[in-house]
Amino acid sequence: MSTNTLDIRQIRNIPALLGEVDIVRSIQLLPGVSTVGEGAGGFNVRGGAADQNLVLLDEAPVYNTSHLFGFFSIFNPDAVKEVTLVKGGIPARYGGRSSSLLDVRMSEGNYRELRVDGGIGLVFSRLALEGPLKKDTASFLLAARRSYIDFLAAPFLEEDMKDALFNFYDLTAKVNYRVNKRNSLFISGTLARDNFGQSFTFNWGNTTTTARWNHLFSDRLFMNLTGIYSNYDYELRFGEAGEQSFNWDSKILNFSLKPDFIFYLNASNTLRFGAKATWYKFEPGNGVVGNWDESNNISLPLKYALESGVYLENEQRLGAGIALQYGLRYSRFNYLGPGKVYTYHDTVPNEPRRLKQEYEAGRSESITVYDQLEPRFSLKIGIGDNSSLKASYNRQAQYLHLVSNTAATTPWTSGRRVPIISSPKPPASTPLVTSGILARLSMRPLNCIIKIF
């Protein structure tokens with residue numbers, strides 16, 4: 001239901017900005033997808049916000065997909081095999097966002113021969129190398145891009161602008177190893193970064209790593225065991241040490257473990273089940289304001305959380321032309337210490353809730369928990385050779401949300417997530433997003449606050 005799958009050959013045939021193929025720009029041409037705005041990263045799906053899209057690169061979450069303020073994405077087309085956008089009927093094995101799923105899969109490389117590909121463009125140049133490490137058994141892929149506007153502009157800049165920064169780059173790599181007929185190993189990763197500034201500098205970047213083990217227990221039972229690392233950070237600096245200066249950086253770091261199983265019940269039923277656990281470390285802001293010989297640390301406390309989920313789903317065919325996909329997912333978000341915890345008296349109409357108690361939670365102590373059952377159902381009925389009727393129902397929970405205090409397209413307002421960290425758990429009739437403390441991860445300089453609702 002509402003699924004579009006594009007391989008890289010189709011994407012290359014789509015007209016591109018400045019002749020450069022881009023994954024995110026390509027999917028914005030699909031029905032139901034719109035751009036966030038000119039010069040802004042991200043996309044909207046069927047009215048959903050940009051932070052409600054789950055973006056995965058070889059199963060690793062990507063929190064900010066933009067290069068050059070959104071004109072390009074961090075997905076190198078030389079390293080991409082196919083892209084799947086699911087706008088409705090999202091399977092139970094995916095969770096964490098409420099609007100759509102963008103699943104970007106990297107190429108496995110060439111198992112038989114060495115190939116080199118590349119190009120020189122108006123904005124950046126690229127080079128890709130793929131080939132066998134061991135013929136028919138192991139392969140590798142290495143792809144890199146870098147913009148060179150700074151090199152081209154250097155001869156025309158004044159002396160005080162010679163050290164100006166304005167570039168981006170990304171490096172993507174993948175190694176595949178077929179151990180035997182029943183076991184395969186895959187390791188992939190990407191490193192992407194943007195650098196801008198002169199008298200002041202700011203930069204942002206993504207780092208992801210995915211390690212996956214495929215194991216075939218029998219002709220009917222298959223397993224994928226995946227370990228995932230993702231790190232998004234941005235940095236803002238101006239001034240020199242020993243003078244008036246401001247240094248600020250922020251980060252979202254997470255580790256995930258994800259076992260998935262596929263069991264072929266019979267020719268008409270494919271059963272999938274599994275689990276996922278993700279540990280988060282949020283650095284809302286590490287800031288130091290310098291004033292000649294003095295400095296003031298305005299850093300915000302670190303935040304920790306554990307998000308987990310289990311699922312069961314079935315793909316079933318009922319005769320010719322009728323297909324079902326149904327399942328259930330249980331998700332849980334646990335906000336962990338250390339941190340300050342506030343409890344309040346019961347709500348009184350027309351009066352603010354009075355503070356009852358506050359205390360300091362210990363490290364890894366559970367502060368509050370949110371959970372949700374998420375049923376999923378999709379139906380497809382074929383009508384002739386060229387038409388079909390589809391319907392779906394989804395209930396999805398999202399525990400991380402974007403907080404933005406401006407419409408500007410700077411990196412600190414175009415892709416930051418914040419955890420809901422209220423305590424105690426609010427009444428069922430109260431919207432979660434307005435009932436807790438939001439640790440703001442998207443802040444402009446010197447606007448560092450904690451909002452309490």
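Strands here are DSSP runs of E of at least two residues, numbered from the N terminus. On that basis, in this predicted model, D58 lies in the loop between β4 and β5, the latter covering residues 60-61. The backbone at D58 has a positive phi of about 50 degrees, although the residue is not a glycine. D58 is buried because its relative accessible area is 2%, and buried means under 20%.

R46 also has a positive phi of about 50 degrees without being a glycine. R46 sits in the loop that runs between β3 (43-45) and β4 (53-57). Its accessibility is given separately: R46 counts as exposed because its relative accessibility is 53%, and the cut-off for exposed is over 50%.

Another backbone feature is found further along the chain. G337 and P338 are joined by a cis peptide bond, with omega at about 5 degrees. P338 belongs to the loop between β21 (322-336) and β22 (339-344).

The last site is Y393, a residue of strand β25, which spans residues 387-394. Which residues does Y393 touch, not counting those up to four places away in sequence? They are P375, R376 and F377. For one of these, P375, there is also a backbone distance: the C-alpha atoms of Y393 and P375 are separated by 7.9 Å, with the two residues 18 residues apart along the chain. Y393 counts as partly exposed because its relative accessibility is 46%, and partly exposed is the class between under 20% and over 50%.

Definitions and conventions:
Residues are numbered from 1 along each chain as its sequence is written. This is a predicted model: local features need pLDDT of at least 70, side-chain atom pairs count only at pLDDT 80 or more; totals for chains, interfaces and linings use all residues. Side-chain values use heavy atoms; hydrogens and water are left out. Helices (H or I, at least four residues) and strands (E, at least two) are DSSP runs, numbered from the N terminus. Buried means under 20% relative accessible area, exposed over 50%, partly exposed in between (1.4 Å probe, protein chains only). Contact means heavy atoms within 4.5 Å.
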